[in-house]
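I opened the notebook to record what I looked up in this model, beginning with its aromatic side chains and going on to folds, cover and patches.

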Amino acid sequence: MALLVSALFAAGFVIAVATIFATVLPAKDRILRLLMRGPEWTIDPLPPVHLTSRRGVIRQRPITVVAQPLRAAA
């Protein structure tokens with residue numbers, strides 16, 4: 001019985017490793033390029049928003065850039 005369990009474990013392990021290699025090998029060049037050079041494009045930052053909630057519905061309001069008056073600390 002132990003021999004059967006060991007054989008099933010070995011077969012499952014071989015299948016798992018083969019699946020990982022079969023997934024990684026086609027993209028090997030791209031993975032190495034990303035590791036050496038970093039991403040090829042940058043993500044544009046999302047605009048800042050305020051989240052408001054009325055009656056349980058969350059909405060986004062864009063933040064308007066307005067000059068804030070400075071107050072002197074007392």
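I looked first at Phe9 and Phe13, which stand 4 residues apart in helix 1 (residues 2–24) and are therefore separated by about one helical turn. Helices here are DSSP runs of H or I with at least four residues, strands are runs of E with at least two, and both are numbered from the N terminus. My search of the whole structure found 1 aromatic pair. The ring centres of Phe9 and Phe13 lie 6.4 Å apart with their planes at 20°, so this pair is stacked. (Rings of Phe, Tyr and Trp, the last by its six-membered ring, pair if their centres lie within 6.5 Å; planes under 30 degrees apart count as stacked, over 60 as edge-to-face and the rest as tilted.) Phe9 and Phe13 are both exposed, where exposed means over 50% relative accessible area, buried under 20% and partly exposed in between, with a 1.4 Å probe and protein chains only.

I noted the basis of the entries: this is a predicted model, in which local features need pLDDT of at least 70 and side-chain atom pairs count only at pLDDT 80 or more, while totals for chains, interfaces and linings use all residues. Residues are numbered from 1 along each chain as its sequence is written, and side-chain values use heavy atoms, with hydrogens and water left out.

I then listed the elements, 2 helices and 2 strands, which run α-α-β-β from the N terminus. Of the 74 residues, 1% count as buried. In helix 2 (residues 28–37) the number buried is 0 of 10, so this helix lies largely in the open. Just after helix 2, Gly38 takes a positive phi of about 85°.

I next turned to the surface patches, which are made of residues with over 30% relative accessible area and no salt bridge, like charges being joined within 9 Å and nonpolar side chains (Val, Leu, Ile, Met, Phe, Trp, Tyr) within 5 Å. A salt bridge is a side-chain nitrogen of Lys or Arg within 4 Å of a carboxyl oxygen of Asp or Glu. The nonpolar patch consists of Ile20, Val24, Ile31, Leu32, Leu35 and Met36, with about 610 Å² of accessible area together, an area from the Shrake-Rupley method with a 1.4 Å probe. Helix 2 gives the most to this patch, with 4 residues. Ile31 belongs to helix 2 and is partly exposed, at a relative accessible area of 35%.

I closed with Arg55, which sits in the loop between strand 1 (49–54) and strand 2 (57–62) and is exposed, at 87% relative accessible area.
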